[in-house]
Amino acid sequence: MAREDYISIRNTSKHFGSVKAVDDISFNIRQGEFFSLLGASGCGKTTLLRMLAGFEQPTLGNIYIDGQPQAGVPPHQRPVNMVFQSYAIFPHLNVHKNIAYGMRKSGLSKAEVDKQVDEMLELIKLPGYGKRGAHQLSGGQRQRIALARALIKRPKVLLLDEPLGALDKKLREQMQLELRALQRDVGITFVFVTHDQEEAMTMSDRIAVMSMGKVLQIDSPTSLYEIPRVKEVADFIGTINFFEGEIKGKEGEATVVETQGLGKVHSTASGAEAPTSGKITVALRPEKFNISFQQPNVQTNVVEGVLQAAAYLGDRSHYYVKINGREAPVAVASQNAQRQMQAVDADKHEKVWLTWDEDSALLLKG
Amino acid sequence: MSDTVSKAGSDVRGSEAPRVVESKHEGHSWTGEAPLFIYAVWYLAFLYIPVLFLPLFSFNDSIYVAFPLKGFTLQWYADMLENPALLRALENSVKVGAAVAIASTILGIFAAKAMTRYRLPGKGPLTSFIMLPLVVPGIILGIALLVISNTVGVDLSLYTIAMAHTLVAVPFAMLVLMSRLEGFDKSLEEASLDLGENAFQTFLRVTLPLAWPGILASTLLTFTISFDEFILAFFLAGNEVTLPIYIWSQLRFPNRLPMVLSLGACILVASFFIVTFSEVIRRRGVGTQSGSAI
């Protein structure tokens, strides 16, 4: 039975002088979960990870791992291991000795350790690499060896500090899938720090979006994208259009909002905790719009605009549509399900109509 | 270039062109680099010719240090080896130097580790205090240490010299080791802690192996500093003297001068090998480090 609060972060803060790097954070991480901390640099995600590893002590609050409070427990006594951003492969040791580094106190015989190291080399798909020197390795190989060196310890939690950041795009995408498969294999709880939202979305069971030392929202990738709770999350994950507005009342199921730009918007989008009256922001993702060059036969959730720019990206096209009452053009993305034999000429500034579903128009605070 | 020439073989201008370029290049190197070269030769001559007089006159068969040279002899070297007072002073200097090298390198590595790895309150002033002996004139430091020794009631001996030398050698050791520790990734030590080794084991298994070229360089440097230090040793020596003080005391006797010169020649050769050795070690250390950083 997987525990809900395998890692429990309770009212934890970390101050560096007057800077609150982590500001009163509380949440739980489940056993066996691939959990990501996502945010721009300086949001506190790395500080939080380093507090889990024991390299930083919380200024306030406490962290529990598998029910055990970690306050005052030094890094070498914690049931966690870390894969560093720089990989930190010991340059004076060969691959075998790097992986076996943490096994000195395991109580296992040398033969047993050697066997486990070989198993690890199999697992990371580098069999026979034991005798290689640390300086004979490529970036991807160093990354795998850092992983093996941590996993051989069979930690309760594996911490990963942007481990894919230094790899090129192709290798990074391959490693994302491998890392995810490996995590399912070994069943260890992974806590993964990244600033790359696509990376977090690809691999994670759940993501905590952080900003300014606070956690904004913790959810599955789907929920973060489709039901962002606050504007910052909606803005950070993917692209989104915001329209300021005011709630006018209800019409059946739908909330009616008078907006600048989109006119009257009917929304039935659920999930977000938005107020039921007063000022509000309507948020719509680019792909939730339908764009048409003829006036559609609908009365609600439609707006007329002028095509300002178009970009053909192969699988999809991006359009930028200028509408009345809004300074910035609206970003619209449309799948090119049919072959487009003729490019759309945005310079003609054609009239276009945007429509959207009642369910797609998110209502967000502020 | 040969390709273009053969292709343009029939074209007269084509075969001329490379020659023009070459002579132009020569002219440039003459006006640009030759004066620098001459300057460098003069500079090195000015620096080393006086020093080279030492070995030269140490083989001269005359007690007077003057031209013309009289003839070749190894007499002065033999005198040197048969002089018990000199050998005693040499032994003292090596003892003091070894003690200083070990003590200041140990103190230096802990100081360097603290300065480069921890968030210390007042790190700036602390560094300045450790560096202070570098800028305090030796004679002031010597008098101060002599006064303290008398006040506390410590007898002057090789120990007092070694302590004084350690004081001035620690800043050098710390600087050498700080640059070494700053040269390697801090997360290597964190990785060791993370993998279950405590701070001391991490120091033994990661910090020391990675810092050893710096440790060796620091040991050799601080040994040299102690070996040729005169002023502090002069103030703090008891009955036993170190080599520089012995040499100083021999200058009163003109007939001992050639022997001092041969001693100087030996020290020169020994220093040359020590410095070369430490430089080779240092470069090798840098080589492995940059190799691993890729």
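These are my notebook entries on a predicted model with chains A and B.

**Entry 1: chain A, overall**

I began with the make-up of chain A. I counted 8 helices and 20 strands there. Along the principal axes, the C-alpha atoms of chain A fill a box of roughly 80 × 50 × 40 Å. I then looked up burial. Of the 366 residues in chain A, 40% are buried. Contact range came next. I took the contacts in chain A between residues at least 6 apart in sequence, and 65% of these join residues at least 24 apart.

**Entry 2: domains of chain A**

I checked the domain assignment of chain A. Domain 1 runs over 7-232 and domain 2 over 239-364. How far apart do the C-alpha centres of domain 1 and domain 2 of chain A lie? I read off 39 Å for that separation.

**Entry 3: helix H1 of chain A**

I went to helix H1 of chain A, residues 45-53. Is this helix enclosed or open? I find 9 of its 9 residues buried, so helix H1 of chain A is largely enclosed by the rest of the structure. The buried set includes two residues of the charged class, A:Lys45 and A:Arg50. It also includes A:Leu48, A:Leu49, A:Met51 and A:Leu52. I followed the backbone past the end of the helix. Just after H1(A), A:Gly54 has a positive phi of about 100°.

**Entry 4: positive phi outside glycine**

I searched chain A for unusual backbone angles. Most residues other than glycine have a negative phi. I noted two residues that do not follow this.

The entry for A:Ala88 reads as follows. Its phi is near 50°, a positive value in a non-glycine residue. I placed A:Ala88 in the loop between strand S6 (80-83) and helix H2 (95-100) of chain A. Is A:Ala88 buried or exposed? I find 25 other C-beta atoms within 10 Å of A:Ala88, and the cut-off for burial is 20 or more, so A:Ala88 is buried.

The entry for A:Asn301 comes next. Its phi is also positive, near 50°. A:Asn301 sits in the loop between strand S15 (290-292) and strand S16 (302-312) of chain A. I find 22 C-beta neighbours inside 10 Å, so A:Asn301 counts as buried.

**Entry 5: chain B, overall**

I turned to chain B. Its secondary structure comes to 12 helices and 0 strands. Read along the sequence, the pattern of chain B is therefore α-α-α-α-α-α-α-α-α-α-α-α. Of the 294 residues of chain B, I found 30% counted as buried. For contacts in chain B with a separation of 6 or more, residues 24 or more positions apart account for 77%.

**Entry 6: domains of chain B**

The domain assignment of chain B gives domain 1 (2-58) and domain 2 (76-288). I looked up the contact between them. Domain 1 of chain B gives 5 residues and domain 2 of chain B gives 7. What classes does the domain 1 side hold? I logged 4 nonpolar, 1 polar and no charged residues on the side of domain 1 that touches domain 2.

**Entry 7: a helix pair in chain B**

I picked helix H4 (residues 84-117) and helix H7 (residues 158-182) of chain B. They pack at an angle of about 40°, with their axes 6 Å apart. Angles from 35 to 65 degrees count as oblique, so H4(B) and H7(B) are oblique to each other. I noted the crossing of H4(B) and H7(B) as right-handed. The residues of this contact divide into 19 nonpolar, 7 polar and 3 charged.

**Entry 8: a proline in helix H9 of chain B**

I found B:Pro209 in helix H9 of chain B. Is B:Pro209 buried or exposed? I find 12 C-beta neighbours inside 10 Å, so B:Pro209 counts as exposed. I also checked its separation from B:Pro171. The two are 38 residues apart in sequence and 22 Å apart in space, C-alpha to C-alpha.

**Entry 9: chain B against chain A**

I closed with the interface. I have 19 residues of chain B in contact with 19 residues of chain A. Which elements give two or more residues to the chain B side? They are helix H8 (186-194), helix H9 (199-227) and helix H12 (257-293) of chain B. H8(B) gives the largest share, 6 residues. By class, I logged 8 nonpolar, 7 polar and 4 charged residues on the side of chain B that touches chain A.

Note on methods:
Residues numbered from 1 in each chain as written. Chains lettered and ligands numbered in written order. Predicted model: local features only at pLDDT ≥ 70, side-chain atom pairs only at ≥ 80, totals over all residues. Helix = DSSP H or I, 4+ residues; strand = E, 2+ residues; numbered from the N terminus. Domains from an automatic or database assignment. Contact = placed C-beta atoms within 7 Å. Axes fitted to C-alpha atoms, helices over the stretch in contact; angles between N-to-C directions. Parallel < 35°, antiparallel > 145°, perpendicular 65-115°, else oblique. Left-handed = near helix turned anticlockwise from the far one by under 90°.
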